[in-house]
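Here are some exercises to work through at your own pace. Try each task before you read its solution, and keep the structure open beside you.

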Amino acid sequence: MTLATRKLERNHLPNCVALKNLDSGSEDITILENGLAFISTGLKYPGLPAPDGPGKIFTLDLQDSRLKPVELRMPRNFDLDSFNPHGISVYTDPSDDAVYLFVVNHPEQGSQVELFKYLEDDSSLVHLKTIKHELLHSVNDIVAVGADSFYATNDRYFSCEHLKGFAEFLLGQPWTNVVYYSPEKVQVVSEGYYVANGINISPDKRHVYVADVLGGTVHLLERKEDNSLTSVKSLAVGTLPDNIEVDPDTGDLWIGCHPNAWKVLMFDPQDPAGSEVIRIQNFHSEKPTVTQVYADDGGELIGSSVAATYAGKLLIGSVFHKALHCDLDVTLSPPMATLLVAPPMAALGKALLATLVVALAVFIGHRLLKLKEIALSSREVPNKHLKCRHLDNIEYGSEDITIMKDGMAFISTGLKYPGMPSFSDDPGRLYMMDLLHPKPAPVELRIEGELDLSSFNPHGISVYTDETDDSVYLFVVNHPRGESHVEIFRFVAGSTLLHLKTVTHPLLHSVNDIVAVGVDSFYATNDHSSPIKALHYLSIFLGLPGCDVVYYSPGDARVAASGFGSSNGINVSPDRRYIYVSDILDHEVDVFERKDGERLQHVKSVNVGSLCDNIEVDPESGDVWLGCHPNGSKLMPFNPEDPPGSEVVRVKGILSRQPRVTQVYADDGRQLMASSVAAVFEGKLLIGSVFQKALYCDLQ
């Protein structure tokens, strides 16, 4: 599938010169009918060499013999620092000849499409809008079919950065797709590609071409009136095709290809990836012709990705190297024009299976030892007790606890979590507890509104106080029938919660904890890398940190941070500037700074030496309090004769250069099993657990 054993002979073109100022790649190129080429540069793609600085867009006038690329001036209202351009497409509006440039952009490895208007007079771009959609989760290339409509390829099935890398390659399934987008409709219109890559359209706009880079094929699809696509045929091309450009006069397809993808993925400057350009003539006929036009072993050009022609000239772009301008030898004789033959897919499948077996064999011994290390399975923690008592009425867990500034605590109980013991068949409940009372005791909250209490399964919780009217809102992660919801309540007089709404979203597929930042907005952790549990466990076994943090508001839902082994507890600093995330499998608390647009920028990671669960923050000191699992191997499988212990960790000065991590409480499971949260108020400490009791302790 990667053509790892393929040897390539040089097949150079005359008068090839490297274009100036394009040393950071030229991943995609497209040419207008007047000879003006648009070039995207500076792509940072996971696993490939990355250039310094943000990406850029250039133009090149192919009618100008000086061949001088001109950098286009970007608008001030556009975030240029994170600009990471990939595939591009140009649309000329026939009504006024306005030129629109569509650019696939991956800011901070996200996936979105930028729409610009090109101003020729001052070589600039006007940014019109950014397009995001859950179906556009891993866009590679794009072809515009209107002033704000397009087809786009997703080159990955998973949205998780780590799963869509090595793990997806190993699985080797034809799961990627093509999406049609317009302001009125967004839908998957074609699927079944190993890695859908380049895409373009025929001169008469009736057919769409898609390159499946790992499939080694180019697909011909017919457009329907509703913009759906119907497969006509596919053509094996004997190489790994990337971007597609179409000659507007002949209809020939010109494709920049990777003759050996293994060399691209395992980049070695001493043995660089080669380059190849193919031409497909008469694609719609019964006997299309595939011709090799250019080939190089990496000595002249590394990692070709696109080829575009104009007036007997050929531009060849690359993923991360330079760009070439060559003369096309129109008298190319048949012996020089090599007709390519693709290896059968059955052989490629066998090679992939062999690769999978070898890879798993290499990993299995190491990973089993690593998993024991992650679980801290050999760790024994001596008891370190405080003066504590068990809370009344809390017998079936107190997975999360949060305390307001006035001493009112909220407690979630009765969580049924896969793989963990559950000692009650009753639905979960919520309690409140006034810590200013001389003898504080939990009081069950009455829930009103349209919520199915029979399947209520509460997990993480968070409280938000609206400063405009002091209304108190309680956000609760809920797993009815194993699903993943967020319930929003308003706390009303006495001990009553009024259910306001249920929030669901595809990005919120396995929510563990939550921190509210508005009356209907929050950050949430996903503790699974995929809603498909088998894939999640595979990612853990392979050591792929595929979990994430999602920001949600009614008008926006997106991944705000990723790369966690298993993101668990989450909370916010007293000044609301920083977000803290517990990565339970990495034994760390990650610190993020909140940026404009609710983006999260990683600041640091603090090792806490334990499997820490929920996070609470002292509003006065800013100290971080963590309920932790000292030995994860005792959680699953559960053995009442050797129960999982409990541990409370305090982090002082987490934003300083030298945070101090202190163990405050530890138990072998005889007093409290599986602690999950620790919250403080005026010298008192509440310790909750996943499935057992809760403790009320003196910190003195």
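## Exercise 1: A patch on the surface

The model is predicted, and we start with Val126, which sits in strand E9, residues 124–131.

**Task.** Decide whether Val126 is buried, partly exposed or exposed, and find which residues make a nonpolar surface patch with Val126.

**Solution.**
- Step 1. The relative accessible area of Val126 is 32%.
- Step 2. Buried means under 20%, exposed means over 50%, and partly exposed is what lies in between.
- Step 3. Val126 is therefore partly exposed.
- Step 4. Leu119 and Leu128 join Val126 in a nonpolar patch of about 210 Å².

## Exercise 2: The chain as a whole

**Task.** Work out whether the radius of gyration of the protein chain agrees or disagrees with that of a compact globule.

**Solution.**
- Step 1. Count the residues: the protein chain has 700.
- Step 2. For that number, a compact globule would have a radius of gyration near 27 Å.
- Step 3. The protein chain has 29 Å, so the value agrees.
- Step 4. Add some context: the C-alpha trace spans about 95 × 55 × 45 Å along its principal axes, and 57% of the residues are buried.
- Step 5. Look at the make-up too: the protein chain has four helices and 49 strands.
- Step 6. Finish with the outside: the accessible surface comes to about 29700 Å², and 50% of that belongs to carbon and sulfur atoms.

## Exercise 3: Inside the largest nonpolar core

**Task.** Find which residues of the largest nonpolar core touch the most other members, and which strand supplies the largest share.

**Solution.**
- Step 1. The core holds 17 residues, and those touching the most other members are Phe410, Leu430, Leu474, Phe489 and Leu497.
- Step 2. At least two core residues come from each of strands E27 (408–413), E28 (429–434), E31 (458–465), E32 (472–478) and E33 (485–492).
- Step 3. E32 gives the largest share, with three residues.
- Step 4. Now zoom in on Phe410: beyond its neighbours within four places in sequence, its contacts include Ile401, Tyr431, Leu445, Ile461, Val463, Leu474 and Phe491.

## Exercise 4: Positive phi angles

**Task.** For Asp470 and Arg576, say where each is found and how accessible each is.

**Solution.**
- Step 1. Asp470 is not a glycine, yet its phi is positive, about 65 degrees.
- Step 2. Asp470 is found in the loop between E31 and E32.
- Step 3. With 58% relative accessibility, Asp470 counts as exposed, because the cut-off for exposed is over 50%.
- Step 4. Arg576, another residue other than glycine, has a positive phi near 70 degrees.
- Step 5. The loop between strand E39 (567–572) and strand E40 (578–583) holds Arg576.
- Step 6. Arg576 has a relative accessible area of 35%, so this residue is partly exposed.
- Step 7. For a glycine, look just after helix H4: Gly543 follows, with a positive phi near 75 degrees. Within H4 (residues 533–542), the buried residues are Leu535, His536, Ser539, Phe541 and Leu542.

## Exercise 5: The surroundings of Val603

**Task.** Find which residues are in contact with Val603, leaving aside its neighbours within four places in sequence.

**Solution.**
- Step 1. Locate Val603 in strand E42, residues 599–607.
- Step 2. Its relative accessibility is 42%, so Val603 counts as partly exposed.
- Step 3. The contacts are Tyr578, Val591, Phe592 and Glu593.
- Step 4. Compare positions with Leu655: Val603 and Leu655 are 52 residues apart along the chain, and their C-alpha atoms are separated by 8.9 Å.

Methods: Residues numbered from 1 in each chain as written. Predicted model: local features only at pLDDT ≥ 70, side-chain atom pairs only at ≥ 80, totals over all residues. Heavy atoms only, no water. Core = buried A, V, L, I, M, F, W, Y, C linked by side-chain atoms within 4.5 Å. Buried < 20%, exposed > 50% of the residue type's maximum accessible area, 1.4 Å probe, protein only. Contact = heavy atoms within 4.5 Å. Patch = residues over 30% accessible without salt bridge, like charges linked within 9 Å, V, L, I, M, F, W, Y side chains within 5 Å. Areas by Shrake-Rupley, 256 points an atom, 1.4 Å probe, with all protein chains shown as cover. Salt bridge = Lys/Arg side-chain N within 4 Å of Asp/Glu carboxyl O. Rg over C-alpha atoms; globule rule 2.2 N^0.38 Å.
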